Amino acid sequence: MPTEIPRAQPDSAAAGEASRQLHERLLGGGRERDAAVVELHALLLKAARFEVERRRGSLSHLRVGDREDLAQQSADDALMAVLAKLGEFRGESRFTTWVYKFGLLEAGVKVRRRAWQGREIPIEEEAWATLADAGATVANRVESRELIGALRGAIERSLTAHQREVLVAVALNDVPIDVLAERLGSNRGALYKTLHDARKRLRQDLAERGLTIGESPREER
Amino acid sequence: MSKHPDPDRLLAGALGPAGPELTCEQCFEELDRYVDLARDGADADAAIPGMRAHLQGCPACEEDRRSLVALLERE
């Protein structure tokens, strides 16, 4: 029996129809397309402003005008990305949802990078101090205490220098992966692959030493 | 990092999700469908295997998901 790809339910009411029509007009030409591009930019600006506003706590050093500039730059960059990928929209979600994710991504990356502008990436010693603090707070939970106690050794023993740099920064020192990517001249996908491989090695190392590794705690959706 | 880090969060960050997961690129590709399916009450995790594990392991992609959900909820 063929597997059917689950799709989001058809859009309800006029908003859904307008969303579909916007996609069609963008694929067309002439003045209709020009008008559609203006509408598309407005949607992306809405998403970018939303994201900048949502993260304004990390941008407290910026003036209102600077935050608006950040949103405008994000919308402009997202517009280029959306127009280049219009043909890839598969109709498996609402077109506006598909559009919004580009605006949010551009703004989110810019906000994180701006928030970290001029800040040093924390060094490994800070991560070891964090591990020690965490170990002290689980003194009565044997498995967690043993795992945390063994983590530093596993990191130093099992990982390459690059894997250690990425894992320590992102997983232990809370450096946003987009910020680290910018500093290392890389990108989110490549660094996450490094992080994924490092985690796999750590799990293997700890398991070989007889330590029990549970499932990651599930976060609330 | 806080002076009193959450040990569970720290371990989850260092060891990541146990099961197979999507890449960041695949996650971005599927994010709109995942969010719309969940909003429609469908089982988005079953429809897109590996998505939930990736979101648990990748703080940046999870932030993108949360932002998209929040923006759509405000509409």
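Helices here are DSSP runs of H or I with at least four residues, numbered from the N terminus. The model shown in every view is predicted.

**Figure 1. Helix H6 of chain A, centred on A:Ala150.** A:Ala150 sits in helix H6 of chain A. Its C-beta atom has 17 others within 10 Å, so A:Ala150 ranks as partly exposed. The count would have to reach 20 for a residue to be called buried, and fall to 12 or fewer for exposed. Setting aside residues up to four places away in sequence, A:Ala150 touches A:Leu206, A:Arg209 and A:Leu211. A:Leu131 lies 19 residues away along the chain. The C-alpha atoms of A:Leu131 and A:Ala150 are 9.9 Å apart.

**Figure 2. The loop between H7 and H8 of chain A, with A:Asp174.** This loop holds A:Asp174. Phi of A:Asp174 is positive, near 60 degrees, although the residue is not glycine. Most residues other than glycine have a negative phi. A:Asp174 is partly exposed because 17 C-beta neighbours lie inside 10 Å.

**Figure 3. The two domains of chain A.** The domain assignment splits chain A into domain 1, residues 15–115, and domain 2, residues 124–208. Taken over C-alpha atoms, the centres of domain 1 and domain 2 of chain A are 34 Å apart. The average pLDDT of chain A is 88, and 90% of its residues score at least 70. Residues 216–221 of chain A have a pLDDT below 50. This stretch nevertheless has nine contacts in the model beyond near neighbours in sequence.

**Figure 4. The largest nonpolar core, seen around A:Leu44 and A:Leu167.** The largest nonpolar core contains 74 residues. A:Leu44 and A:Leu167 have the most contacts inside it. H4 of chain A is the top contributor to this core, giving ten residues. Both domains of chain A take part: domain 1 (15–115) and domain 2 (124–208) each supply at least three residues to the core. Beyond its neighbours within four places in sequence, A:Leu44 contacts A:Ala75, A:Ala78, A:Leu79 and A:Val82. A:Val99, A:Phe102 and A:Gly103 are also in contact with A:Leu44.

**Figure 5. The side of chain A that touches chain B.** Chain A brings 48 residues to the contact, and chain B brings 38. On chain A, helices H2 (30–54), H4 (95–115), H5 (124–137), H6 (142–158), H7 (161–172), H8 (177–184) and H9 (188–208) each supply at least two residues of this side. H9 of chain A gives the most, with eight residues. By type, the residues on this side of chain A are 22 nonpolar, eleven polar and 15 charged.

**Figure 6. Chain B, a chain of five helices.** Chain B has five helices and zero strands. Along the sequence the pattern reads α-α-α-α-α. Along the principal axes, its C-alpha atoms fill a box of roughly 40 × 30 × 20 Å. Chain B has 75 residues, and 52% of them count as buried. Among contacts in chain B with a separation of 6 or more, 63% join residues 24 or more positions apart.

Notes: Residues numbered from 1 in each chain as written. Chains lettered and ligands numbered in written order. Predicted model: local features only at pLDDT ≥ 70, side-chain atom pairs only at ≥ 80, totals over all residues. Domains from an automatic or database assignment. pLDDT = per-residue confidence, 0-100. Contact = placed C-beta atoms within 7 Å. Nonpolar A, V, L, I, M, F, W, Y, C, P; charged D, E, K, R; others polar. Core = buried A, V, L, I, M, F, W, Y, C linked by C-beta atoms within 7 Å.
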